[in-house]
Amino acid sequence: MLSGEAGAISDDYYLANFHRLAEFIVNTYQDILTPEERQWYASVQSSPEPAQRLYIRLLTRKGSVFRLSRLRYAEIENLQEAAGELATRGLADINAPDDLRVLLAAYTKPELFELLDAFGSGSGGSRSRPRAELIESLLQQDDSALQRDIVALQDADSWITLFGHQHWNVFRLGFFGNLYQDSSEFVLQELGTVRYESYRLDKDARAFASRAQLVAHMRYFECEALFETIDHRQPEQLLTLIRQLPPMIEGDDHLRRRIDRYRNRVARQLERLGWQAEALELYAQSLHPPARERRIRLHLKQGEQEQAGRLLAALQDKPFNDAESQVGERLHKQLQKLLGRKNPTVPRFKPQTTILTLSDSSGRVELAAREFYARFGVCHYTENALCNSVLGLFIWDIIFHPIPGAFFNPFQSAPADFRQPSFATRRATLLMARFEELDTPAIFRQRVADAYTKHQGKSNPLVRWGRVDHDLLMLALERIPAEHWRAIFQRILSDTRENTAGFPDLVLFREEGGYEFIEIKGPGDTLQQNQLRWMQCFDRARIPCRVVNVRWAQHSGATTDT
């Protein structure tokens, strides 16, 4: 088992962690696991411990075919015996593979030259030729030569081919809700590399409510993996993948977002290849940006202004988020111009801008500017860290409140719906009550300070521990008015996917009082759209902010801010 002492783990950590995960799945998903999946885990459990160790070691490695001579596990005394035990229980095959390509992949290039005469001669084999080229020449040999090489490679080592990866993937997906994480999370937690909040896991808490839902997500991840294996220049291959996507599951917003993102990705590639009709069809099936934007642009490109206008009206009437609203404004101007209509003159937002001339620096321009502004008070390079962190500390317990379906394993840095539009709406009552504390600044500041002390180092989707220290936090809470925090918090929570980025680089707390956000732009750099949206928010809330364009002086020592 994992040691209770942080930073130390026992020799059988991976064995204990595997069973901890697997037993959770067996207990939690007993109604939707297949007989084959339950039998798979029962077979692992019934194997002698050395065989279990070998199985779990290999299960988490890339591939399924291994040469025993290449394996080195000090805790497994007899690899051959352990492999045999696995074969007896149907968890592995210890016969050598009979596929020449698989056999060739298991050996290094020098080993192949040593073992196969044809690799050095019959294949025209100069050692300087690329491995892939040499292997392809081997595969072109006549049948007798191919069989000779197969036997030579088979006999040169002992083998094990592992079974059950598909079952392990089901268990991982059920536990983590994705296939990006694995049982190494247990080790990271025990070593203290990652610390997770302790939140309540209900007895029936799980990522998937039905077998159909689990299978749908598994199918999505299979399609995602296949995307990396196909030729992206071949439209038919792209469309074949789309046809393999799973059907939607009613009420599963997470699956919807995953599939929409996949469709948008494939549709954009089809656009590049000139398959506009197919791209339009895919975009029409997607509810997530930039699907509507791309449809409008494609219709405009094809001269279909009426269709573009209808789509644009719907987008502007109900934009998905601020970013899509901004896109809609630009597309409206473009459409009006194409129709020969004048766009009404609307004052364009322009942030306050000054020019800072600095001595040339080889370091980052933001750091050079911070050094300059530190002359006028306390200046920090915080970018997205400060505002997000203060909000994360202020609503820490709300983020980790046990909303149904939000938490289903102990290794979540955030609730499952944190990046979804529903995050704030599902917690609206809790957030409304918490925001009332902003009316009493002392209570607000104390809550943030207490959370900083209590949760130091724990994983939180908003808090950047390495970028915000206690002194900065206390200074920011003292200088920045509660109403400014309110405006910032409300915008972050309105779209936790988009609005956690785009904050200005620096925050300056002047010696005479007050504060100011400063966005630094080096020569040739311009504001990004998400940065501009934050500055518009700051302008509406009367939050002090400006853009500083840095220029390098011709002579060293010249520093001016104008």
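**Exercise 1. In what sense do strand S6 (residues 506-510) and S7 pair, and over how many bridges?**

Before solving, note that this is a predicted model, in which local features need pLDDT of at least 70, side-chain atom pairs count only at pLDDT 80 or more, and totals for chains, interfaces and linings use all residues. Residues are numbered from 1 along each chain as its sequence is written, and side-chain values use heavy atoms, with hydrogens and water left out.

*Solution.* Begin with the terms: strands (E, at least two residues) and helices (H or I, at least four residues) are DSSP runs, numbered from the N terminus, and two strands pair if DSSP finds at least two bridges between them. S6 and S7 meet this condition with three bridges, and their pairing is antiparallel. Within the pair, Leu 508 stands opposite Glu 516 in S7. The two strands form a hairpin with five residues between them, and in the turn Gly 513 has a positive phi of about 115 degrees.

**Exercise 2. Describe how S7 is joined to strand S8, and state which residues of S7 are buried.**

*Solution.* First take the pairing: S7 and strand S8 (residues 545-552) run parallel and are joined by five bridges, with Glu 519 opposite Val 547 in S8. Next follow the connection, where S7, helix H27 (residues 529-540) and S8 make a right-handed β-α-β unit; right-handed means that, with the strands pointing away from the viewer, the path from the first strand over the helix to the second runs clockwise.

Then turn to burial, where buried means under 20% relative accessible area, exposed over 50%, and partly exposed in between (1.4 Å probe, protein chains only). Six of the six residues of strand S7 (residues 516-521) are buried. In a regular strand the side chains alternate between the two faces of the sheet. In S7, Glu 516, Ile 518 and Ile 520 are on one side and Phe 517, Glu 519 and Lys 521 on the other, and both faces are covered.

**Exercise 3. Which strands stand at the edges of the open sheet with the order S1-S3-S2?**

*Solution.* The sheet has three strands with antiparallel pairing. Strand S1 (65-67) and strand S2 (92-93) stand at the edges, because each has a single partner strand, so one side of each is left without a neighbour in the sheet. S1 pairs with strand S3 (residues 159-162) over three bridges, and Val 65 stands opposite Thr 161 in S3.

**Exercise 4. Examine the salt bridge between Asp 439 and Arg 486, and say which parts of the chain the pair ties together.**

*Solution.* A salt bridge is a side-chain nitrogen of Lys or Arg within 4 Å of a carboxyl oxygen of Asp or Glu, and a search of the whole structure finds 35 of them. In the bridge between Asp 439 and Arg 486, the closest N and O atoms are 2.8 Å apart. Asp 439 lies in the loop between helix H23 (428-435) and helix H24 (441-454), while Arg 486 lies in helix H26 (residues 482-494), so the pair ties together parts that are 47 residues apart in sequence. Asp 439 counts as exposed at 56% relative accessibility, whereas Arg 486 is buried, with a relative accessible area of 16%.
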